[in-house]
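Please open the structure in your viewer and keep the selection tool at hand. The tour below proceeds by selections, with a short account of what each one shows.

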Amino acid sequence: MNKHFKLRKALMSDVRPIHSLLNFFADQRELLPRSLSEVYENLQQFFVVTKDEKVVGCCALYVTWEGLAEVKALAVAPEYQGRGLGKWLLETIVEEARKLGVSTLFTLTIREGLFKKFGFKKAKKSVLPHKVWTECVRCPYFPESCIETSLVLHLKKKSQKLSKMAEAFMSTAEPMVPNEPSGPPVYPPEPPRHPSA
Ligand SMILES: CC(C)(COP(=O)(O)OP(=O)(O)OC[C@H]1O[C@@H](n2cnc3c(N)ncnc32)[C@H](O)[C@@H]1OP(=O)(O)O)[C@@H](O)C(=O)NCCC(=O)NCCS
């Protein structure tokens, strides 16, 4: 890793750069659009990578329920992609989740590749916590044009996994979204990979 990059918890002064970075990718339909107030309200959940104190990457960990947390808003500025910064952010988030005692991490993403390298496995959206849908209903692509795949990573052994209550919270008899797409999702084309610096 280039010594000029630093990874740290986000600060108040990072809010607008994080918001710009996330909405840059939202404009390309690669991430969900987020409001400035959402970034402020969830600032403590964000980590950033900086270069010369300029935010070039971010990622957030949101605790959702007992033993459960979501990886959100992973983004690296195009000119800094392909240098291991996304991996660094994800490693940090997974480590943070372990420290907090999270048993199961999940994410909704259109880019499965990086998450799969960390052992995330595909899961039907209907097995994710109901709370996830409260965010989905605010999404402009919900439900007909949903483009995200749900992925899950278990951090603890079976015996230490979710309590019965959390399991019940996660399971639904019926899909929450009646017209959740059943076929493979159609993703926007992968952006070209940038050579490592
Ligand atoms: C996804 C993203 C964060 C990756 O950031 P990055 O800094 O370029 O990733 P890294 O350089 O750390 O790559 C780490 C590994 O993942 C792989 N990888 C990165 N992006 C990938 C992708 N889209 N598909 C498959 N593999 C990918 C890399 O090849 C690398 O593999 P290696 O360790 O075997 O060399 C970045 O492309 C991005 O910001 N995309 C737009 C927003 C987005 O899609 N976010 C993810 C959804 S939440």
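**Two antiparallel strands**

Begin by selecting strand 5 and strand 7, which run antiparallel and are joined by six bridges. The model on the screen is a predicted one. In general, the strands of a sheet pair through backbone hydrogen bonds, in either a parallel or an antiparallel manner.

Next, select individual residues in this pair. Thr109 stands opposite Thr149 of strand 7, and Leu105 has Leu153 of strand 7 as its bridge partner.

Now keep strand 7 alone. Which residues form its covered face, and which its uncovered one? The covered face consists of Thr149, Leu151 and Leu153, whereas Ser150, Val152 and His154 form the uncovered face. In a regular strand, the side chains alternate between the two faces of the sheet.

Add strand 6 to the selection. Strand 6 pairs with strand 7 in the antiparallel sense, over two bridges. Here Lys122 stands opposite Leu151 of strand 7.

**A loop beside the sheet**

Select Ser126, which is placed in the loop between strand 6 and helix 5 (130-136). Is Ser126 buried, exposed or partly exposed? Ser126 is partly exposed, because 17 other C-beta atoms lie within 10 Å, and a residue counts as buried only from 20 and as exposed at 12 or fewer. Then select Ser150 as well: Ser126 and Ser150 are 24 residues apart in sequence, and their C-alpha atoms are 9.3 Å apart in space.

**The whole sheet and chain**

Select every strand. In what order do the seven strands lie in the sheet? The sheet is open, with the order 1-2-3-4-5-7-6 and mixed pairing. Its edges are strand 1 (5-9) and strand 6 (121-122), each of which pairs on one side only.

Show the full protein chain, which contains six helices and seven strands. Along the sequence they follow the pattern β-α-α-β-β-β-α-β-α-β-α-β-α. Of the 197 residues in the protein chain, 29% are buried. Among contacts with a separation of 6 or more, 73% are between residues 24 or more positions apart.

**Helices across the sheet**

Select helix 1 (15-27). Helix 1 lies across strand 2, strand 3 and strand 4, and runs at about 85 degrees to strand 3. Then select helix 3 (85-100), which lies across strand 1, strand 2, strand 3, strand 4 and strand 5. The angle between helix 3 and strand 3 is about 30 degrees.

**The nonpolar core**

The largest nonpolar core comprises 38 residues. Select Ile18, Cys58, Cys59 and Ala75, which have the most contacts inside this core. The elements that supply at least two residues each include helix 1, strand 2 (46-51), strand 3 (54-65) and strand 5 (104-109). Which strand gives the most to this core? Strand 4 does, with seven residues.

Centre the view on Cys59. Leaving aside residues up to four places away in sequence, Cys59 touches Phe47, Val71, Ala73, Leu74, Leu89, Leu90 and Ile93.

**Around the ligand**

Finally, select the ligand and the 19 residues around it. Which of them come nearest? They are Val76, Gln81, Gly86, Lys87 and Gly113. Strand 4 (68-76), helix 3 and helix 4 (112-117) are the elements that give two or more residues to this shell. Colour the shell by residue class to find seven nonpolar, six polar and six charged residues.

Key
Residues are numbered from 1 along each chain as its sequence is written. This is a predicted model: local features need pLDDT of at least 70, side-chain atom pairs count only at pLDDT 80 or more; totals for chains, interfaces and linings use all residues. A residue is near a molecule or strand if its C-beta atom, placed from the backbone, lies within 6 Å of it. Helices (H or I, at least four residues) and strands (E, at least two) are DSSP runs, numbered from the N terminus. Ala, Val, Leu, Ile, Met, Phe, Trp, Tyr, Cys and Pro count as nonpolar, Asp, Glu, Lys and Arg as charged, and the others, Gly among them, as polar. A nonpolar core is a set of buried Ala, Val, Leu, Ile, Met, Phe, Trp, Tyr and Cys residues joined through C-beta atoms within 7 Å. Two residues are in contact if their C-beta atoms, placed from the backbone, lie within 7 Å. Two strands pair if DSSP finds at least two bridges between them. Axes are lines fitted to C-alpha atoms, for helices over the stretch in contact, and angles run from 0 to 180 degrees between N-to-C directions.
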